[in-house]
Structure formats: structure tokens, C-alpha cells
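Open the model in your viewer and keep the selection panel at hand. The stops below go from helix pairs to single residues and then to the cores.

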Amino acid sequence: MAWGLLILAGIEEVVATIAMKYMDGTRKKWPIVIMAVGFIFSFFCLSMAMQRIPAGVAYAIWTGVGSIGITLAGLFWFKEKFGYKQYLSLAFILVGVIGLGMTS
């Protein structure tokens, strides 16, 4: 249950961050609402997961899932381009997230 909440928290972080890209200052209201609800829900799920998973591990996995998720959204949704150093760095983050998940 805690691991599912932690992954859900990471996904919600990605959704909220994507909404930030569409905010256009404060002119567009729906992205602001989506961002606020997404981050609130993300923090709630993270705090619930931290009741069973050590805080340092939970936070590291949450930020890793968010980093990888928003990067994948940037690649596929926003058509951003990366070099091999960025891909290598993402691979290290992924290995770290997997490693932390396997040891806890």
C-alpha cells in the first residue's frame, strides 16, 4: 500500500509540473487549479507513504519518480531534445530509485 501511494505521489508531481508549463503566468486558471490539487495530493500521498517507508528513502524515490516522469513527458509530449549525458544521468537516477526500492 505504501509503495503504491509513493508511486502515485510521484505521478501526481508530474501532472502538477506539466500543469505549470501551461500556466502562462496567472492568465490561465485551470492549469493553476490542476497544479495546486496535484501538489496537494502528491504531498498527501508522500506523507502517508512516509508512515511505513523511511523518510529519506521515500523522499528520494518520490523526487526520482518525478524527475524521470517529467523528463519523459518533456521528451514525448513537449518534444524536447536531450544529449547522451542527459540520458546517462537519467539512467543513474533510475538505477538509484530501483536500488532504494529494492533495499527497503
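Start by selecting α3 and α4, whose crossing is left-handed; a crossing is called left-handed if the near helix is turned anticlockwise from the far one by less than a right angle, and right-handed if clockwise. Helices here are DSSP runs (H or I, at least four residues; strands are E, at least two), numbered from the N terminus. This is a predicted model, in which local features need pLDDT of at least 70 and side-chain atom pairs count only at pLDDT 80 or more, while totals for chains, interfaces and linings use all residues. Residues are numbered from 1 along each chain as its sequence is written, and side-chain values use heavy atoms, with hydrogens and water left out.

The axes of α3 and α4 are 9 Å apart, and the packing angle is about 145 degrees. Axes are lines fitted to C-alpha atoms, for helices over the stretch in contact, and angles run from 0 to 180 degrees between N-to-C directions. To see the interface, select Val57, Ala60, Ile61, Gly64, Val65, Ile68, Thr71 and Leu75 in α3, which meet Tyr87, Leu90, Ile93, Leu94, Val97, Leu100 and Gly101 in α4. Contact means heavy atoms within 4.5 Å.

Next, pick Gly64 in α3. Is Gly64 buried or exposed? Gly64 counts as buried because its relative accessibility is 5%; buried means under 20% relative accessible area, exposed over 50%, and partly exposed in between (1.4 Å probe, protein chains only). Leaving aside residues up to four places away in sequence, Gly64 touches Ile93 and Val97. Draw a distance from its C-alpha atom to that of Gly96: the separation is 8.1 Å, across 32 residues of sequence.

Move to Lys85, in helix α4 (residues 84–103). Lys85 has 55% relative accessibility and therefore counts as exposed. Its C-alpha atom is 19 Å from that of Gly66, and the two are 19 residues apart along the chain.

Now show α2 with α3. This pair also packs at an angle of about 145 degrees, with axes 10 Å apart, and the crossing is right-handed. Ser42, Phe43 and Leu46 of α2 make the contact with Ala58, Tyr59 and Trp62 of α3. Zoom in on Ser42: its relative accessible area is 0%, so Ser42 is buried. Its contacts include Ala9, Glu12, Glu13 and Trp62, not counting residues up to four places away in sequence.

For the largest nonpolar core, select Leu6, Leu46, Ile53 and Ile61, which touch the most other members among its 14 residues. Such a core is a set of buried Ala, Val, Leu, Ile, Met, Phe, Trp, Tyr and Cys residues joined through side-chain atoms within 4.5 Å. Two or more residues each come from α1 (2–21), α2 (29–49) and α3 (55–76), with α3 giving the largest share, 5 residues. Apart from this core lies another, of 5 residues, among them Ala19, Met23, Met35 and Phe39.

Then colour α1. Its buried residues include Leu5, Leu6, Ala9, Glu12 and Glu13, and what covers the buried residues of α1 includes α2 and α3.

Finally, overlay the record: an unreviewed UniProt entry lists residues 32–50, 57–78 and 84–103 as "transmembrane region". UniProt positions are in the numbering used here, feature names are shortened, and annotations may be inferred rather than shown by experiment. Residues 57–78 are 91% helix and 0% strand, with end C-alpha atoms 30 Å apart. Residues 84–103 are 100% helix and 0% strand, with end C-alpha atoms 29 Å apart.
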